[in-house]
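Hi everyone, thanks for coming. Let me put the structure up on the screen, and then we can walk through it together.

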Amino acid sequence: MNWRPVIARVLAGLATIVVAGCAGQPVTDLRGTGDLGIVIERASGSVQIVDHSRRQSLGRIEGLGDLSHAHATFSRDGRYAYVFGRDGGLTKIDLLARRIDRRIVQAGNSIGGSISQDGRLVVAQNYQPGGIKAFDADTLAQVGEVPAEYAPGKFSKVVGLADIPGQGFAYALFDAGEIWVSDFTDPGAPRTRRFAAGKQPYDGLVTPGGRYFMAGLFGEDGIALLDLWRPEQGVRRILDGYGRGEEKLPVFKMPHLRGWAVADGKAYLPAVGRHEVLVVDVTDWQEVGRIPVVGQPVFVMARPDGRQVWVNFAFPDNALVQVIDTLEGAVVDTLSPGRAVLHMEFTPRGEAVWVSARDDDRVTVYDTATRKSLAVLPARAPSGIFFTARAARIGF
Amino acid sequence: MTAIKAAQTARFDNRHSYLMEGSVVRLAIIHAVVLLVLTLIGVGTAGAAEPDGSRRQALVAMVRQDCGSCHGLTLKGGLGPALLPEALAGKSAGSLIATVLSGRPGTAMPGWSRFVSEAEAAWIVDQLLRGFPPVDAGGRR
């Protein structure tokens with residue numbers, strides 16, 4: 001007897017069952033990504049994928065290398081997270097399939113990145129070799145770069161990278177004291193403009209509409225401001241001499257800046273070497289106040305509606321978080337989320353905020369109105385928390 | 001609430017002590033004096049009062065996590081320079097101890113003398129020069 005037709009028929013039947021099974025599977029798992037995010041587990045090279053509607057972890061992905069000072073940006077469809085590791089690793093995570101889609105090592109020492117206006121380029125900012133590199137967002141193939149060679153043979157660490165309208169990226173050069181603006185319309189031949197900024201810019205931000213780029217200065221009291229609509233006017237200095245010539249307090253961790261600093265027409269910025277949050281009117285860039293806080297501010301983040309600003313602190317005050325009411329212009333609450341609070345992330349409309357506490361291995365979710373804990377999620381030495389809502393924001 | 005109040009009071013005291021610190025010039029002088037004294041008494045590889053086991057673990061965690069904010073968790077450098085043995089080769093232990101304790105004026109490096117004693121700074125430097133230990137698997141990372 002010839003068994004071949006029988007075997008073929010059985011195999012065909014099995015195949016039908018398998019295909020039917022696969023086709024059925026996605027239906028039960030079908031979901032959006034608008035309420036997903038990731039929590040970086042810095043010491044173990046892993047991330048957790050989280051759901052901020054249900055306040056739960058959906059799983060852990062390992063093998064991302066050195067994630068100290070890791071940062072993430074998102075594809076504009078909100079499906080993929082691009083995670084930039086300290087060791088130069090760039091990992092593209094599929095939030096739906098919950099796996100690593102692609103991973104490359106693109107530099108020796110990296111601190112973050114951003115995605116282009118059209119979503120096609122992912123750009124990394126690097127300390128070593130100093131500069132920025134652009135990658136195809138689908139394949140992670142390198143398509144362009146701007147070495148931060150500010151003088152012959154001298155390369156600077158790059159900080160504060162932010163995407164800006166027009167396929168542009170603005171960033172600051174820590175060692176050169178400059179702001180550079182690169183146009184990646186032709187990724188293989190980016191055009192770069194340079195602006196003198198001031199001593200030791202430590203981070204930067206672009207305002208929510210994409211018009212202004214600001215670089216905070218460590219080496220002097222002030223902030224460098226560039227109007228991206230009128231770059232020919234050059235950098236102007238705001239908050240000049242805010243330290244009033246007083247002795248700086250020691251800074252045991254550098255503050256961070258990002259577009260979340262702007263709330264209700266004012267920018268809330270960390271002072272450097274002073275335990276204050278500086279408040280600037282964004283219409284005329286004049287200082288309109290300063291709010292005393294318990295330590296050196298690191299993240300000064302406005303709730304999306306701008307009514308509150310949450311602040312965490314550098315060592316040794318890093319077990320506390322303070323909440324500023326922007327109408328009162330004062331601290332209204334002090335929270336203790338755990339030891340070594342490293343980061344905070346608001347839900348897109350700000351009813352809750354997730355706070356990581358590295359040395360207590362947990363993330364606490366707070367109701368921002370009542371400041372009551374809504375959930376506590378275990379995590380290994382958590383640091384950055386990044387939600388997909390960033391995908392739709394300029395400068396993230 | 002009382003714990004927070006106590007913490008705030010303590011922090012106010014800290015701030016007070018910050019204000020007691022002198023100018024950059026004075027820091028530079030302190031740096032030089034500490035360096036000189038350390039060189040004279042020969043503090044190097046073996047400090048007089050080495051930290052005990054649990055304190056060592058705390059110091060290792062502090063170096064990797066808090067110094068690591070600038071120097072990297074693996075100490076290969078970040079905004080601050082690398083602290084790996086090959087990067088520190090040729091630098092004297094005394095100079096490094098002085099840097100840990102009183103910082104480097106004109107750079108982002110603060111002094112850590114509020115948090116570590118001279119002997120502890122000497123132990124940290126010794127460990128850095130040998131290749132810094134990982135945070136104990138049983139303790140904090």
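Let's start with a question: how many salt bridges does the rule find across the interface of chain B and chain A? Keep in mind that this is a predicted model. The answer is one salt bridge across that interface. The partners are A:Arg358 and B:Asp66, whose side chains meet at 3.8 Å, N to O. If you look for other polar links, the rule finds four residue pairs in polar contact between chain B and chain A, with both residues of each pair at pLDDT 80 or more.

Which helices of chain B should you look at here? Helix H1 (2-20) and helix H3 (53-71) each supply at least two residues of the side of chain B that touches chain A. Going by class, the residues on that side are 12 nonpolar, 13 polar and eight charged.

Now the interface as a whole. On the chain B side, 33 residues are in contact, and they meet 37 residues of chain A. People often describe the size of an interface by the accessible area lost when the parts come together. For chain B and chain A, the two bury about 3100 Å² between them, and 57% of that is on carbon and sulfur atoms.

Next, let's go looking for cavities. The count comes to two cavities of 30 Å³ or more, and the largest one has a volume of about 680 Å³. Its lining takes in 44 residues, and the closest to the centre are A:His69, A:Ala70, A:Lys253, A:His256 and A:Phe299. Where does the largest share of that lining come from? From H3 of chain B, with five residues. That is the helix we met a moment ago, as H3 also supplies at least two residues of the side that touches chain A. By class, the lining of the largest cavity has 20 nonpolar, 16 polar and eight charged residues.

Stay with A:His69 for a second. This residue is in the loop between strand S3 (56-61) and strand S4 (71-74) of chain A. Its phi is near 60°, a positive value in a residue other than glycine.

Last stop: the backbone of chain A has some cis peptide bonds to show you. One joins A:Gln128 and A:Pro129, with omega about -5°. Here A:Pro129 lies in the loop between strand S9 (121-128) and strand S10 (130-136). Another cis peptide bond joins A:Phe315 and A:Pro316, with omega about 5°. You will find A:Pro316 in the loop between strand S27 (308-313) and strand S28 (321-325).

That's my tour. Thanks for listening!

Conventions
Residues are numbered from 1 along each chain as its sequence is written. Chains are lettered from A and ligands numbered from 1 in the order in which they are written. This is a predicted model: local features need pLDDT of at least 70, side-chain atom pairs count only at pLDDT 80 or more; totals for chains, interfaces and linings use all residues. Side-chain values use heavy atoms; hydrogens and water are left out. Contact means heavy atoms within 4.5 Å. Buried area is the accessible area (1.4 Å probe) that two parts lose on being put together, summed over both. A salt bridge is a side-chain nitrogen of Lys or Arg within 4 Å of a carboxyl oxygen of Asp or Glu. A polar contact is a pair of N or O atoms within 3.5 Å; within protein, one must be able to donate a hydrogen and the other to accept it, and residues adjacent in sequence count only if both atoms are side-chain atoms. Helices (H or I, at least four residues) and strands (E, at least two) are DSSP runs, numbered from the N terminus. Ala, Val, Leu, Ile, Met, Phe, Trp, Tyr, Cys and Pro count as nonpolar, Asp, Glu, Lys and Arg as charged, and the others, Gly among them, as polar. On a 1 Å grid over the protein atoms alone, a cavity is a set of points where a 1.4 Å probe fits but cannot get out, and a pocket is an open set with protein on both sides within 12 Å along at least five of seven lines; lining residues have an atom within 4 Å of a point. Grid points are joined across faces, edges and corners, and a volume is the space filled by probe spheres set on the points.
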